[in-house]
Amino acid sequence: MNFRILPSSLYATAEAAAAFFKGRIGVRRFDVEASIHNDVEYRPTLSGQTQDFHVLCVEVSERAYPPGLDSAVMDMRRVGLPVRLFVAMPTGIADPEFQRNLKKAQDRGVGIVQVGSSGGNVSAEALSQSLASLRPFAPKDFPPKYRQEIDTALNTFLNGNPPQGCQTLYSEIESLTRRIAAKVDRKSYWKNANKPRMNLDRDPWAHVVAELRDEFDNRTANCPDLSKALWNRVAGITGHRNDTGHKPKDRAARMRRDRQLRTRFEAAMDILAELISAGKPLKV
Amino acid sequence: MLVETAQSELKDISVDRIDRNPDNPRAIFRPAELDDLLLSITQYGVQVPISVYREGRRYVLIDGERRWRCCLKLNKRTIPAVVQDKPDPLTNLLLMFNIHALREQWDLLTIALKLPKIIDLLEQKNGSPPTERELSEHTGLRRGVIRRCRLLINLPDEYKQEILKELKKPKPDQLLTEDFFIEMERALKTVENAMPNVIPRKDDVRQVLIQKFKDRVIDNRVHFRQMAKIARADNVEADRAAAQRALRRLFKENEYSIETAYQDSVSVAYSERDLLTRVNSLVEQLEDYDVEALDDEVRRALRKLVRKAKVLLEGE
């Protein structure tokens, strides 16, 4: 490999990192100090394409989070590039601020690996930057009984399976919807005296939501926030419930898909939070 | 500086059409230094244009390798550059020495490794090798720096490689530095001149001293100056045989430090000479005083001195 930027003391680390990632992720070829996108103002030491159309970037450095990486990460997110960015450090060199840098890297979805002639040791996994730009959500902002599922959804989404992350959230919203419907039914909070002729547990989620939107008497139930507008928003996501999507065929398709899933996930989180809050008086 | 000025123009040129100068004496770029400049360029851009010369359709760097590397890293398309005419090989080298050596601290070995080429080129040009003064004028290096470089040039290759390896480390982590070798070589040179028979094989002695430094038996490179003082035992009329014995032990025994060798051989003689110098200086100073000019504090101190001297002399 011919390096123009990397200090010569780190050449061996770069070679070891390339060998490590070829073995671990199956990247066939690495570009050296090449531009990955015109709008990303950073040339990582190594970059290559993975089988699933991510760009694997490896920044070789003595520090776990070199200065200058922040703006690169921001650029990658702004552009929506599906980049998995690792910092490769030589084994045996101690970064005096390792813990602080590790935290910084984890917060930004940047991976850290220490490499040497005997292989590599991953201290933090890299997230796809096109997904990691997700608006920050904290499970602790939700009631305890929802936290575990939300945590699972977040981790699944960020760790590279965004469709499954969305599914987990939709499942939680569907379950809450059905619990609300059941309670409404038990308490007869329907606008008309006639109960809906449907199985609230089994019938399609979209039908249950439509029924709640049209027939639920939120005044009697003392739940003014469970409004028609909110049910319309829930109805809007029911179509995605079982949409696992197709595998992207190239990098552009991946970028489009990641952008779409990020929006869906954020919208679903917002709806879940609103639904929990609006349905509180029903104690479901 | 004796470099002729050339025609030049300022323009933005593509970072990818620039090559580093193979004659750049600066061979070591430490990551931390590049990181700092990277942040500065991110914030303020390139404030000072780099210097290049044209080579076909590409450009070769004269000055500004760190700025260029940072611009590449930051994926900048262009960089402001002063484009000069292609210099001849000697001017090329001298330009870089004069640009860099006056402005920032280079690693001495990297300068040292390029000096022989400059000396050769100057010899070709002038018909005789340059004197130290001429070399200093051409390169912009102080004569002391040139002498230090020469000590490094004369080191066997394995030690030069050792230094290059160390130089790639951050400064605080470097152990066998250029300064260490310079101090050691200077002292060995003195020993070789004053007591050539105590150094049968210089390389063996180097190995022993390096190992002692690594093991902290020699814990400060300045102690090599004491080694040179042992070799100059004759200057202070110390026991030459004792000095030679101490040096031989020093070059053989792993646990024997320079400080101990100094104590065992010439320490007393140097202390005496030091005392003698001070006494002579004091006597000279006292001759300038009038009795009336002495204040009470000085009188008291002088009386104390006389008492002490009497005790010492009566004990003879």
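Buried area is the accessible area, taken with a 1.4 Å probe, that two parts lose on being put together, summed over both.

**View 1. The interface between chain B and chain A in a predicted model.** By that definition, the area buried between chain B and chain A comes to about 1900 Å², with carbon and sulfur atoms giving 48% of it. On the two sides of this interface, 21 residues of chain B are in contact with 22 residues of chain A.

**View 2. Salt bridges and polar contacts between chain B and chain A.** Four salt bridges are counted between the two chains, one of them formed by Glu59(A) with Lys73(B), whose closest N and O atoms lie 2.8 Å apart. The count of residue pairs in polar contact between chain B and chain A, both residues being at pLDDT 80 or more, is twelve. On the side of chain B that touches chain A, helix 1 (31-44) and helix 2 (65-73) each supply at least two residues, and the largest share, seven residues, comes from helix 1 of chain B. This side of chain B divides into twelve nonpolar, two polar and seven charged residues.

**View 3. The largest pocket and its lining.** The largest pocket, with a volume of about 670 Å³, is lined by 38 residues, of which Glu62(A), Arg63(A), Pro31(B), Ala32(B) and Asp35(B) are the closest to its centre. Two or more lining residues come from each of strand 3 (55-60) and helix 3 (98-107) of chain A, and likewise from helix 1 and helix 2 of chain B; helix 1 of chain B gives the most, with six residues. The lining comprises 19 nonpolar, three polar and 16 charged residues.

Conventions:
Residues are numbered from 1 along each chain as its sequence is written. Chains are lettered from A and ligands numbered from 1 in the order in which they are written. This is a predicted model: local features need pLDDT of at least 70, side-chain atom pairs count only at pLDDT 80 or more; totals for chains, interfaces and linings use all residues. Side-chain values use heavy atoms; hydrogens and water are left out. Contact means heavy atoms within 4.5 Å. A salt bridge is a side-chain nitrogen of Lys or Arg within 4 Å of a carboxyl oxygen of Asp or Glu. A polar contact is a pair of N or O atoms within 3.5 Å; within protein, one must be able to donate a hydrogen and the other to accept it, and residues adjacent in sequence count only if both atoms are side-chain atoms. Helices (H or I, at least four residues) and strands (E, at least two) are DSSP runs, numbered from the N terminus. Ala, Val, Leu, Ile, Met, Phe, Trp, Tyr, Cys and Pro count as nonpolar, Asp, Glu, Lys and Arg as charged, and the others, Gly among them, as polar. On a 1 Å grid over the protein atoms alone, a cavity is a set of points where a 1.4 Å probe fits but cannot get out, and a pocket is an open set with protein on both sides within 12 Å along at least five of seven lines; lining residues have an atom within 4 Å of a point. Grid points are joined across faces, edges and corners, and a volume is the space filled by probe spheres set on the points.
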